[in-house]
Amino acid sequence: MGYAENLGSYWRGRYKLAPGKYATVRDADGDAIRFRTKAAAKKAADAEEAKLLAGTKKAPAERITFGAYVNRWYAAQDLAASTMQNYRRHIEEHLLPAFEDFAIADILSTDIAAWEKRERAVPYAATSVKTWRATLHLILADAVDEGLRDSNPATKRRGRGKRAGRSRNRGPEKAVTTALGILLLAERMALLSGRDDEFVGGVLKGYTGMRWGEVVGLETEFVRPKSIRVEWQLYELDTGELHRCPPKDDSYRDIDAPDFLAALVAGHIARTKPKPCECHGLAYVFRGHGAANGSASRPGAKLVDVGRRAGVSTGTVSNVLNRPDAVAEPTRLKVMEAITDLGYVRNAGSGELAAHWRRSGFATWLFRPAATGRYPGRGNQEEHPVPVVAEPWPGIPARGRGASKRAEVCWVPIAPGLTPHGLRHTHKTLMREVGTPPKLMDERMGHEDGSVQSRYDHITAGMRQALMTALTVMWEEALDARRAMSPGSPVVALDALLRARG
């Protein structure tokens, strides 16, 4: 029979599992129940032992530590590489340090609450802690299914914890921009990179709402005359490998493209003539900016900077360096003067482009400076304005030795706080502005609404055309507003569009 154990301020119920082996009476959350009286503890212990003898209660299975169980659990999962990567990070960085030596059966809800409180105090974002707890809940739920414990202590009971209103864990609102903001941002990214690719990529993202991995993983065969087919994405793993996988939540879709966008992307492909990359053997619409051997990250001016400084093409600069007799003397002198002013060093890097954009490098050195007008801090160097030469408008980022001393102006912010993912939010916002039906918005964004109302909604050709017309109007108004600021642009693709509006 069961017995009551006196623990000073309360009594604990204990019942026999096997010869010489006893268990404690616990509640639904796995916490030991503290009884006020000996009789109550004894009664509860007798009841638990009776259930065990009657076969309505299972005896606890093997005692295994959380560390040993989670290794077995992780190896049994068969999920996408990105999901497995995230689980491993959650487990190794946040769960194992706290629970590795705990027996699975001994983890209590109070232990989890204390761990969560410590994580918040670091401080980690509330949303991050919530994600890690969800992973812990999933692991312990599987442990329950395997009979290693009776209940899941990571399940949150309603009405527990601080009651501070609905906004307690609310993060800052996602920054968005306007149609003009998309255009100005794309132009600046192209000026920072020294090529048109970032202009086309920025406009594509802003006017389709594609996810970052879907833009990077866009293959040339999926660019159609009137649409963009989302069939794959490239997901960047912690190892640096770009993993080709289906789009998030299998959101395969055709995104209708306005004529201006289809022409912009088609023109980019015709101009760059993409070749299959070595990593996947497939032709992608966009290539990375950083050099494959790291040369692009080396300090100093590039060939394109010399050309812009002298007001000539990069081909002319190349001729000055390689075939000076083929260049008129006044032009040659201008180029040589620009080389001297910028401190250009020939053959400082191979110029070979990386196969694909990298999320961190793109956001840090192209997107953020374009949106804020400032380079982020790096090492001992603090955040500072992008040094810009005033002419031609909106200014050319100065490079090379003494760039900050040669700067004449700096860029004002376009959208502080905007991220590449913020362009996805921007596209959804623009669609809302023009009254796009929710069903069509969900289709473009790759979302799925499982409600009854959505089931009875349908997309018509008229709805699609109305959205294409509205996006085209936004684009043309943005071009006109940009042209009012200056009739031309140092970005070749944009300059042609602006002059066509004249």
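At what angle do the axes of helix α7 (residues 197–208) and α18 cross, and within what distance do they come? They cross at roughly 135 degrees and come within 12 Å. The structure is a predicted model, with a mean pLDDT of 87 over the protein. This briefing covers the confidence of the model, an open sheet of three strands, and the packing of α18 with α6 and with α7.

**Confidence**

- Of the residues in the protein, 91% reach a pLDDT of 70 or more.
- Residues 292–299 have a pLDDT below 50. In the model, this stretch has 15 contacts beyond near neighbours in sequence.

**The sheet**

- Three strands form an open sheet in the order β1-β2-β3, and their pairing is antiparallel.
- The edge strands are β1 (3–6) and β3 (21–24), each of which pairs on one side only.
- On average, neighbouring strands of this sheet are turned by 45 degrees against each other, with direction ignored.
- Strands of a sheet pair through backbone hydrogen bonds, in either a parallel or an antiparallel way.

**Pairing of β1 with β2**

- Strand β2 (residues 11–18) runs antiparallel to β1, and four bridges join the two.
- Y3 stands opposite R14 in β2.
- Helix α1 (residues 38–54) packs on the sheet and touches β1 and β2. The direction of α1 makes about 20 degrees with that of β2.
- W11 in β2 is the bridge partner of N6.
- A hairpin is formed by β1 and β2, with four residues between the strands. In its turn, G8 has a positive phi of about 90 degrees.

**Pairing of β2 with β3**

- Four bridges also link β2 and β3, which pair in the antiparallel sense.
- K16 has Y22 in β3 as its bridge partner.
- β2 and β3 form a hairpin with two residues between them. The turn of this hairpin holds G20, whose phi is positive at about 80 degrees.

**Helix α6 against α18**

- Helix α6 (residues 179–193) packs with helix α18 (residues 461–485) at an angle of about 60 degrees. The axes of α6 and α18 are 8 Å apart.
- Angles from 65 to 115 degrees count as roughly perpendicular and those under 35 as roughly parallel, so α6 and α18 are oblique to each other.
- The crossing in which α6 passes α18 is right-handed.
- On the α6 side, the residues that meet α18 are A179, L180, L183, L184 and E187. Their counterparts in α18 are M474, W475, A478, L479, A481, R482 and M485.
- Sorted by class, this contact of α6 with α18 has ten nonpolar residues, two charged ones and no polar ones.

**Helix α7 against α18**

- The angle of roughly 135 degrees between α7 and α18 is not over 145, the cut-off for roughly antiparallel, and α7 and α18 are therefore oblique to each other.
- α7 and α18 make a right-handed crossing.
- F199, V203 and Y207 in α7 meet L471, M474 and W475 in α18.
- The contact of α7 with α18 has six nonpolar residues, with no polar and no charged ones.
- M474 and W475 of α18 are listed in the contact with α6 and again in the contact with α7.

Note on methods. Residues are numbered from 1 along each chain as its sequence is written. This is a predicted model: local features need pLDDT of at least 70, side-chain atom pairs count only at pLDDT 80 or more; totals for chains, interfaces and linings use all residues. Side-chain values use heavy atoms; hydrogens and water are left out. Axes are lines fitted to C-alpha atoms, for helices over the stretch in contact, and angles run from 0 to 180 degrees between N-to-C directions. A crossing is left-handed if the near helix is turned anticlockwise from the far one by less than a right angle, and right-handed if clockwise. Contact means heavy atoms within 4.5 Å. Ala, Val, Leu, Ile, Met, Phe, Trp, Tyr, Cys and Pro count as nonpolar, Asp, Glu, Lys and Arg as charged, and the others, Gly among them, as polar. Two strands pair if DSSP finds at least two bridges between them. pLDDT is the predictor's confidence in each residue, from 0 to 100.
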